[in-house]
Amino acid sequence: MSTPARRRLMRDFKRLQEDPPTGVSAVPTNNNIMLWNAIIFGPSDTPFEDGTFRLTIEFTEEYPNKPPTVKFVSKMFHPNVYSDGSLCLDILQNRWSPTYDVSAILTSIQSLLDEPNPNSPANSLAAQLYLENRREYEKKVIAIVEQSWVNTDGDADEAASTGRTTRS
């Protein structure tokens with residue numbers, strides 16, 4: 001059954017394959033266009049550099065009129081990421097627009113890694129360290145980058161194995 005949401009997700013996937021943004025990758029899970037596995041590589045010249053962070057993106061039939069639910073599967077220490085991996089990101093909440101596609105969502109999350117909003121914290125310790133003790137914050141980030149290299153979810157390999165992933 002082809003619904004508007006599913007047709008749009010097929011277009012999003014095709015666009016991701018034809019013109020992949022640097023440092024991000026995503027693919028639908030087997031037999032379910034509404035659930036995707038994604039990978040974001042930590043941006044260069046940031047404490048997140050060399051990190052390989054896995055996420056899930058879950059869409060509803062109301063997409064693109066309603067944002068998907070995006071969660072980090074990889075452990076994350078960031079002012080705008082809750083302990084369960086959920087994100088506090090304006091474009092996934094009150095500033096959502098149907099013009100955003102999967103590529104825009106992932107590149108926004110990648111930008112958020114090095115440009116957090118500590119004034120709207122999901123993780124108050126990370127926000128406090130980011131504002132008051134950047135060296136300690138960066139030490140904790142480097143520790144989660146190193147943890148990100150340990151593959152605990154084989155399904156996430158699909159996102160990396162598209163052959164279209166590029167690193168910056």
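**Which residues touch the most other members of the largest nonpolar core?** In this predicted model, they are Trp 36, Phe 72, Leu 87, Val 102 and Ile 109. The core they belong to has 41 residues. Helices and strands both chip in: α1 (4-18), α2 (102-114), α3 (124-132) and α4 (134-148) each supply at least two residues, and so do β1 (24-29), β2 (32-41), β3 (52-58) and β4 (69-72). The largest share, 6 residues, comes from α2. If you're wondering about the general trend, nonpolar side chains in soluble globular proteins tend to be buried together.

**Here's the open sheet, with its 4 strands in the order β1-β2-β3-β4.** The pairing is antiparallel. Look for β1 and β4 at the edges, where each pairs on one side only. Neighbouring strands aren't lined up perfectly: ignoring direction, they are turned by 25 degrees against each other on average.

**Now zoom in on β2 and β3, an antiparallel pair joined by 7 bridges.** To find your way around, pick out Ala 38 and then hop across to Leu 55, its bridge partner in β3.

**This view shows α1 packing on the sheet.** Follow the helix and you'll see α1 touching β1 and β2. The direction of α1 makes about 30 degrees with that of β2.

**Last up is α2, another helix that packs on the sheet.** Which strands does α2 touch? The list is β1, β2, β3 and β4. As for the angle, the direction of α2 makes about 30 degrees with that of β2.

Note on methods:
Residues are numbered from 1 along each chain as its sequence is written. This is a predicted model: local features need pLDDT of at least 70, side-chain atom pairs count only at pLDDT 80 or more; totals for chains, interfaces and linings use all residues. Side-chain values use heavy atoms; hydrogens and water are left out. A nonpolar core is a set of buried Ala, Val, Leu, Ile, Met, Phe, Trp, Tyr and Cys residues joined through side-chain atoms within 4.5 Å. Buried means under 20% relative accessible area, exposed over 50%, partly exposed in between (1.4 Å probe, protein chains only). Two strands pair if DSSP finds at least two bridges between them. Axes are lines fitted to C-alpha atoms, for helices over the stretch in contact, and angles run from 0 to 180 degrees between N-to-C directions. Contact means heavy atoms within 4.5 Å.
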